[in-house]
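Visitor: Got a minute to walk me through this one? I'd like to start with the helices and then get to the charged pairs.
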Amino acid sequence: MPLDLVIPDLLLPVDAPEALRSQRLPALESWLARGVSRRLPHRGLEAALSATFALGAPIPIAAVTLAADDAPRAGAWLRADPVHLRVGQDAVALHDAGILGVMRDEANALVAALQALFADDGLEFVAPTPHRWYVRVPDGELPRTVPLPEALGRNVFRLLPVGSGRINWPSAITEVQMLFSQHAVNQAREAEGRPAINSVWFWGEGQLPESIDSPYALVCADEPFAAGLGRLSGVRTVAAPRDFASIDAVGVDESVLVVLDGLGAALRRGDDEAWRKAAQALEETWFAEIDRAIRRFERVSLVLPGPRDTLVATLTAGTRWRWFRSRKPIATHA
């Protein structure tokens, strides 16, 4: 019963705050030293999981996460996530919904306004969650986009969507900004001292896949892309477990996928202390118990998507005895 344990946002880029890169996780570092390691060329969680589930490019992130947030819906989809654009002297930097705390009624009101604005363009907006919004796009109108995680904190001017149809996507974003700047939702937020929801970010373009083959019998994930892949492939998909002991049993020859994405929210909002606490919780609850997990699952693969590639460390009964291998700081594995 092999187990793949996927943990995004643990391997950090070289320009991450030193307070995060200096974090030591002795149990994890010891197992990474003992395991049989390989590097895969996939950057980030979506790319790593897409390769495992044999999805083509571009990765239809919007269509897959919508299946988790709501239900599978046919057609061509984009994420239209609420964001805050912060204007500086020479640039406009992008910040995602992690700093916004979007309320359900705010999402409903703003998405209704978007729908009214773009109805004649054939766009269909939905907001199954307050912080993840979507838009169905007419045939031939999907633009090429930059994923939101890659755009965060950067000057957006060279990152705007590029289309080849009749919709001018940069102009559409400008129209959204004009609409939101006068909307009652943002007037109320500004009066309360909260950052404005002053734009959306279009990304994750693609069609709902006709079919997806899963290499797993069980997917355990709260993260919407992983959960969406599980549901679209028709395998049993449940919430992320509390620990190894909470993982449901499957057949001896069947595989399990567990995705633990608790680090991402703190990282995106720049909360170093929350990230460090979440990393330490993983160390105590998961990494310190890997020896017991190997006894139960026989093979445990630690899958750590990083900024450059993905590290996979495979652990079996034999690797448990490689105690003589010296461990390295987690930051050196990024």
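Visitor: What follows helix 3, and what is its phi like?

Guide: Ala-54 follows helix 3, and its phi is positive, near 60°. Keep in mind that this is a predicted model.

Visitor: Which residues of helix 3 are buried?

Guide: Helix 3 covers residues 44–52. Its buried residues are Leu-45, Glu-46, Ala-48, Leu-49 and Ser-50.

Visitor: And what do the buried residues of helix 3 pack against?

Guide: Two helices and four strands are on the list: helix 4 (61–69) and helix 9 (224–232), plus strand 1 (3–6), strand 10 (256–259), strand 11 (299–305) and strand 12 (310–316).

Visitor: Let's take helix 9. Is Phe-225 buried or exposed?

Guide: Phe-225, which lies in helix 9, is buried, with a relative accessible area of 0%.

Visitor: What is Phe-225 in contact with, leaving aside its neighbours within four places in sequence?

Guide: Glu-46, Leu-49 and Ser-50 are in contact with Phe-225. So are Leu-55, Ile-59, Ile-61, Val-64 and Thr-65. Glu-46, Leu-49 and Ser-50 are also among the buried residues of helix 3.

Visitor: How far is Phe-225 from Ile-294?

Guide: Their C-alpha atoms are separated by 27 Å. Along the chain, Phe-225 and Ile-294 are 69 residues apart.

Visitor: At what angle do helix 4 and helix 9 cross?

Guide: Roughly 80°, with the axes coming within 7 Å. Helix 4 and helix 9 are therefore roughly perpendicular to each other.

Visitor: Which residues make that contact between helix 4 and helix 9?

Guide: From helix 4 come Ile-61, Val-64, Thr-65, Ala-67, Ala-68 and Asp-69. Helix 9 brings Pro-224, Phe-225, Ala-227, Gly-228, Leu-229, Arg-231 and Leu-232. By class, the contact of helix 4 with helix 9 has 9 nonpolar, 2 polar and 2 charged residues.

Visitor: Now helix 5 and helix 7. How do their axes cross?

Guide: The axes of helix 5 and helix 7 cross at roughly 130° and come within 11 Å. The two helices are therefore oblique to each other. Helix 5 passes helix 7 in a right-handed crossing.

Visitor: Who makes the contact between helix 5 and helix 7?

Guide: On helix 5, Leu-110, Ala-113, Leu-114, Leu-117 and Phe-118. On helix 7, Ala-172, Glu-175, Val-176, Leu-179 and Phe-180. The contact residues of helix 5 with helix 7 split into 9 nonpolar, no polar and 1 charged.

Visitor: Switching to charges. How many salt bridges does the structure hold?

Guide: It holds 18 salt bridges.

Visitor: What does Glu-106 pair with?

Guide: Arg-189, in a salt bridge at 2.9 Å, N to O. Glu-106 lies in helix 5 (residues 104–118) and Arg-189 in helix 8 (residues 184–191), so the pair ties together parts that are 83 residues apart in sequence.

Visitor: Are Glu-106 and Arg-189 buried or exposed?

Guide: Glu-106 is buried, with a relative accessible area of 8%. Arg-189 also counts as buried, at 0% relative accessibility.

Visitor: Which residue forms a salt bridge with Arg-166?

Guide: Glu-141, with the closest N and O atoms 3.8 Å apart. This pair links distant parts of the chain, 25 residues apart. Arg-166 is in the loop between helix 6 (148–151) and helix 7 (169–181). Glu-141 is in the loop between strand 6 (132–137) and helix 6.

Visitor: Buried or exposed, for Arg-166 and Glu-141?

Guide: Arg-166 is exposed at 54% relative accessible area, whereas Glu-141 is buried at 7%.

Visitor: Where is Ser-164?

Guide: Ser-164 is in the loop between helix 6 and helix 7. Ser-164 is exposed, with a relative accessible area of 73%. Pro-143 is 21 residues from Ser-164 in sequence and 7.0 Å away in space, C-alpha to C-alpha.

Visitor: Last pair. Where do Arg-295 and Asp-291 lie?

Guide: Both lie in helix 12 (residues 290–297), 4 residues apart, about one turn of the helix. Their side chains meet in a salt bridge at 3.2 Å, N to O. Arg-295 is exposed at 56% relative accessible area. Asp-291 counts as partly exposed at 24%.

Visitor: And which residues do salt bridges with shared partners join into one network?

Guide: Asp-70, Arg-73, Glu-124 and Arg-136.

Key
Residues are numbered from 1 along each chain as its sequence is written. This is a predicted model: local features need pLDDT of at least 70, side-chain atom pairs count only at pLDDT 80 or more; totals for chains, interfaces and linings use all residues. Side-chain values use heavy atoms; hydrogens and water are left out. A salt bridge is a side-chain nitrogen of Lys or Arg within 4 Å of a carboxyl oxygen of Asp or Glu. Buried means under 20% relative accessible area, exposed over 50%, partly exposed in between (1.4 Å probe, protein chains only). Axes are lines fitted to C-alpha atoms, for helices over the stretch in contact, and angles run from 0 to 180 degrees between N-to-C directions. Angles under 35 degrees count as roughly parallel, over 145 as roughly antiparallel, 65 to 115 as roughly perpendicular and the rest as oblique. A crossing is left-handed if the near helix is turned anticlockwise from the far one by less than a right angle, and right-handed if clockwise. Contact means heavy atoms within 4.5 Å. Ala, Val, Leu, Ile, Met, Phe, Trp, Tyr, Cys and Pro count as nonpolar, Asp, Glu, Lys and Arg as charged, and the others, Gly among them, as polar.
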